Amino acid sequence: MTDDGIYVYGIVRAEHPLPSHLGGVGEPPGAVERLVEGRVAAVVSQAPPKLRARRRDLMAHQELLLALAEHGPVLPMRFGMVAPDEAVVRRQLSDAEERHLAALADLAGRVEINVKAMPADDSLAALVTGDATIRGLREAVRRQPSYEANMRLGEAVATALSRRAAEAGHDIVRALTSRAHAVSAGPEVSGCQVNVSFLVDRSDSADFTAEAERLAGQSRDRVVLRVVGPLPCYSFLEPRALAGRAGG
């Protein structure tokens with residue numbers, strides 16, 4: 001490896017095959033290999049200098065993890081995990097071998113589906129029809145327009161749209177939860193009322209996505225649902241610092 005360290009994509013079982021058609025991050029793409037330690041291995045390449053979250057590298061990271069997952073479970077690292085040297089990686093693999101094997105067993109045959117709920121762009125008409133407070137504020141603006149009245153109406157509309165989207169989103173999450181092995185709430189995202197990931201069987205991922213979209217269709221006057229996946233199972237790992245630094 002180089003003085004820039006070792007880029008770590010994920011952890012797999014020692015015998016896990018590598019995709020021959022994909023390279024890693026960097027320009028040109030880094031050569032991907034396994035560092036085997038006991039019954040587990042880290043999938044790595046040399047870390048490029050001045051690593052940044054460029055689209056090309058983000059896509060290379062995710063495409064490699066998805067290709068790896070086609071042949072068995074993977075414990076994925078977030079983009080930008082870089083270990084200072086091979087010894088650090090091998091020591092971590094050895095120290096946590098049993099835990100890694102247990103986590104790999106838990107994720108076997110499973111993928112992550114992420115669901116985000118946002119207010120429906122065209123839901124204002126339904127909101128006005130169903131919310132007496134909004135109707136009253138709108139009539140007040142019509143009778144006596146002013147900056148303050150417009151501000152009150154705008155704030156009330158934004159709050160009501162967000163509330164309706166959150167209610168619909170949480171209803172959808174509750175309906176989907178019974179189909180998932182695990183559920184993980186994600187971080188807050190601007191403009192997003194619900195951000196939740198589901199751990200589902202790979203074989204059920206298409207039906208799961210279709211069901212999420214069907215439920216969203218029933219509440220299209222309140223919420224827009226963004227369903228993304230299958231994804232590597234980022235949200236269902238116990239965090240552990242494998243790397244010495246992370247790319248910006």
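Helices and strands here are DSSP runs, with at least four residues for a helix and at least two for a strand, numbered from the N terminus. Counted that way, the chain of this predicted model comes out with 7 helices and 10 strands. It runs to 248 residues, and 45% of them count as buried. As for how the chain folds back on itself, take the contacts between residues at least 6 apart in sequence: 78% of these join residues at least 24 apart.

One pair of helices is worth a look. Helix H2 covers residues 86-95 and helix H3 covers residues 97-107; their axes come within 4 Å and cross at roughly 70 degrees. Angles of 65 to 115 degrees count as roughly perpendicular, so that is how H2 and H3 sit relative to each other. On the H2 side, the contact is made by Gln 92, Leu 93, Ser 94 and Asp 95, while H3 brings in Glu 97, Arg 99 and His 100.

Then there is Glu 112, which is found in strand E6 (residues 110-119). This acidic residue is buried yet has no salt bridge. Its nearest side chain of opposite charge belongs to Arg 78, 5.8 Å away, and a salt bridge needs the charged atoms within 4 Å. What does the side chain of Glu 112 make a polar contact with? The partner is the side chain of Ser 197, at 2.8 Å. The Glu 112 side chain also reaches the backbone nitrogen of Tyr 234, at 3.0 Å. Leaving aside neighbours within four places in sequence, Glu 112 is in contact with Ser 197 and Phe 198, and also with Val 228, Gly 229, Pro 230, Leu 231, Pro 232, Cys 233, Tyr 234, Ser 235 and Phe 236.

Notes: Residues numbered from 1 in each chain as written. Predicted model: local features only at pLDDT ≥ 70, side-chain atom pairs only at ≥ 80, totals over all residues. Heavy atoms only, no water. Buried < 20%, exposed > 50% of the residue type's maximum accessible area, 1.4 Å probe, protein only. Lys, Arg positive; Asp, Glu negative; His and termini not counted. Polar contact = N/O pair within 3.5 Å; in protein donor to acceptor, adjacent residues only side chain to side chain. Contact = heavy atoms within 4.5 Å. Axes fitted to C-alpha atoms, helices over the stretch in contact; angles between N-to-C directions. Parallel < 35°, antiparallel > 145°, perpendicular 65-115°, else oblique.
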